[in-house]
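Please open the structure in a viewer and set it to a cartoon representation. The tour below proceeds by selection, and each stop states what is to be found there.

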Amino acid sequence: MATNENDMTGKVIARKSGLHGRGLFAAKDLSADEKLIEYKGKRYAQGEMPNMLVDGLTKFLGLSDGSGIDGTGWAALANHGCAPNCELREEEGRGRLRAWLYSLREIKQGEELVWDYRLDVASRKEAYSLWACACGAEECRGTMANPDKFRKRKG
């Protein structure tokens, strides 16, 4: 079988998204809890990070050990969704944390793969002005930010 340049693993394919730009889609029917593709890119040590706001996009993934990945690989094409069918999971590998996109449920061929970015932002204003969500899910919260992490204002 010939491999399409947009076909990364035989499980996912990149193409134009109705949500935003290019997205990732299931290249075949996927099972729940299936390991799909690694989140790759430039690595940053604990406390370092790139400019997080470039043209209203972020591809930076903060990891639990304080390091991060500025996504430049195919997995970074996966769009945000407030009703995700995927999630990123950390795994130890080659002496550092790595992140992989996993399916949360069965996904039909052609369905867009989305995960909840739950961005860490400073305020509600920033969350809704800079990181508005357009996923269209019935339970859309209107932002790609994590509302549980808004910093509390004093006074």
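**A tour around one strand**

Begin by selecting Glu38 and Trp100: Glu38 stands opposite Trp100, a residue of strand 9. Please note that the model is a predicted one.

Next, select residues 96–103, which make up strand 9. Of the eight residues in this strand, seven are buried, so that the strand is mostly covered under the cut-off of 20% relative accessible area.

Now add residues 35–39, which form strand 3. Strand 3 and strand 9 pair in the antiparallel sense, with four bridges between them.

Then add residues 86–93, the extent of strand 8. Strand 8 also pairs with strand 9 in the antiparallel sense, here over eight bridges. To view one of these pairings, select Glu87, whose bridge partner in strand 9 is Tyr102. Strands 8 and 9 form a hairpin, and two residues lie between them. Select Arg94 in the turn, where phi is positive, at about 55°.

Return to Glu38, which is located in strand 3. Is Glu38 buried or exposed? Glu38 counts as buried because its relative accessibility is 10%, and buried means under 20%.

Show the side chains of Glu38 and Arg98, which make a polar contact with each other at 2.6 Å. Which residues are in contact with Glu38, leaving aside its neighbours within four places in sequence? Select Ala75, Arg94, Arg98, Ala99 and Trp100 to display them. Trp100 is thus met again, as the residue opposite Glu38, and Arg94 as the turn residue of the hairpin.

Methods: Residues numbered from 1 in each chain as written. Predicted model: local features only at pLDDT ≥ 70, side-chain atom pairs only at ≥ 80, totals over all residues. Heavy atoms only, no water. Buried < 20%, exposed > 50% of the residue type's maximum accessible area, 1.4 Å probe, protein only. Pairing = 2+ DSSP bridges. Polar contact = N/O pair within 3.5 Å; in protein donor to acceptor, adjacent residues only side chain to side chain. Contact = heavy atoms within 4.5 Å.
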